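Okay, thanks for making time, everyone. I'd like to walk you through one model today, going from the overall fold down to a few single residues. Let me put it up.

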Amino acid sequence: MREAYETQLAQIDIALVAMADLVGTAIRGATDALLADDLAIAELVIAGDTEINKLNADVEEISMLIAALQAPMATDLRLVMGAIRMSGSFERMGDLAVHIAKQVRLRYPNPSIPAELSDTFEKMGKAASKIVEQAGEVIATRNTGLADDMKKYDDILDDLHRELFSVVLSPDWAHGVEAAIDVTLLSRFYERFGDHAVSVARRVIQIVTGEPYSK
């Protein structure tokens, strides 16, 4: 009985790490599609969201079964309850990558962003990819020290988001209102992506230390 219980707990971690890997693939693909105006890559990102959603449902199901049948306590209880929140965060991160890909599809064959902003969005994509990679590592290793490094990448995303917001509000902006809205939304998707990754790391800290979760 105990062995089955431990297996179920391990399955939660495995599924969460798998979600992090899939979300990382999604945000890299969405960024590649955005920078290259590549509809084929965008469609792969959109289709791939199904697997992320399935893993989210799996984590919820396993966690609820453990909570109902095993009466977990202490660290195990924090893991079971935290896993539902973490899988939800990963699911939303996958959705944000899909939003970027769908923007590419919406504007295709025209560019989704002005050419002079490609470098900024490339930086956002790299920071987003790195932060979700570290989120998966935090779950796999319980190395809470990585959370500080993740915050660094979240700060990069926040700074770039503010930078882009300033660009589209500048009197020098020459691409019109529609393009300004597109850039602002895309930037917001990356910024929220980072926020969810940090939320995952903080949940792991709560599981490991027992300290109350804080946003």
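So, the secondary structure here is six helices and zero strands, and if you read along the sequence you just get α-α-α-α-α-α. Keep in mind that this is a predicted model.

Now the overall dimensions. The C-alpha atoms fill a box of roughly 65 × 30 × 20 Å along the principal axes. What about the radius of gyration? The chain has 19 Å, and a compact globule of 215 residues would be near 17 Å, so the two agree. Of the contacts with a separation of 6 or more, 81% are between residues 24 or more positions apart. On the outside, there's about 10500 Å² of accessible surface, and 55% of that belongs to carbon and sulfur atoms.

Let's go inside. Buried residues make up 46% of the chain. The largest nonpolar core has 66 residues, and the ones with the most contacts inside it are Leu 16, Phe 90, Phe 121, Tyr 190 and Phe 193. Which elements feed that core with two or more residues? That would be H1, H2, H3, H4, H5 and H6. As a general point, nonpolar side chains in soluble globular proteins tend to be buried together.

Take Phe 121 from that list. Leaving out residues up to four places away in sequence, Phe 121 touches Thr 31, Leu 34, Leu 35, Ile 113, Leu 164, Val 183, Leu 186, Ser 187 and Tyr 190. Notice that Tyr 190 is another of those residues with the most contacts in the core.

Here's a polar one: Ser 129, which is found in helix H4. Is Ser 129 buried or exposed? Its relative accessible area is 11%, and the cut-off for buried is under 20%, so Ser 129 counts as buried. With sequence neighbors up to four places away set aside, its contacts are Ile 27 and Arg 28.

Last stop, helix H2. H2 has 31 residues and reaches 46 Å from first C-alpha to last, close to the 45 Å expected. At the N-terminal end, Asp 38 is the cap, with a side-chain oxygen 3.1 Å from the backbone nitrogen of Ala 40. Just after H2, Ala 71 takes a positive phi of about 45°.

Along H2, the buried residues include Ala 42, Val 45, Ile 46, Asp 49, Ile 52, Leu 55, Asn 56 and Val 59. Why would spacing like that make sense? An α-helix has 3.6 residues a turn, so residues three or four places apart point the same way.

Conventions: Residues are numbered from 1 along each chain as its sequence is written. This is a predicted model: local features need pLDDT of at least 70, side-chain atom pairs count only at pLDDT 80 or more; totals for chains, interfaces and linings use all residues. Side-chain values use heavy atoms; hydrogens and water are left out. A nonpolar core is a set of buried Ala, Val, Leu, Ile, Met, Phe, Trp, Tyr and Cys residues joined through side-chain atoms within 4.5 Å. Buried means under 20% relative accessible area, exposed over 50%, partly exposed in between (1.4 Å probe, protein chains only). Helices (H or I, at least four residues) and strands (E, at least two) are DSSP runs, numbered from the N terminus. Contact means heavy atoms within 4.5 Å. The expected span of a helix is 1.5 Å times one less than its number of residues. A polar contact is a pair of N or O atoms within 3.5 Å; within protein, one must be able to donate a hydrogen and the other to accept it, and residues adjacent in sequence count only if both atoms are side-chain atoms. The radius of gyration is taken over C-alpha atoms; the globule rule is 2.2 Å times the number of residues to the power 0.38. Accessible areas come from the Shrake-Rupley method with a 1.4 Å probe; for residues, only the protein chains shown count as cover.
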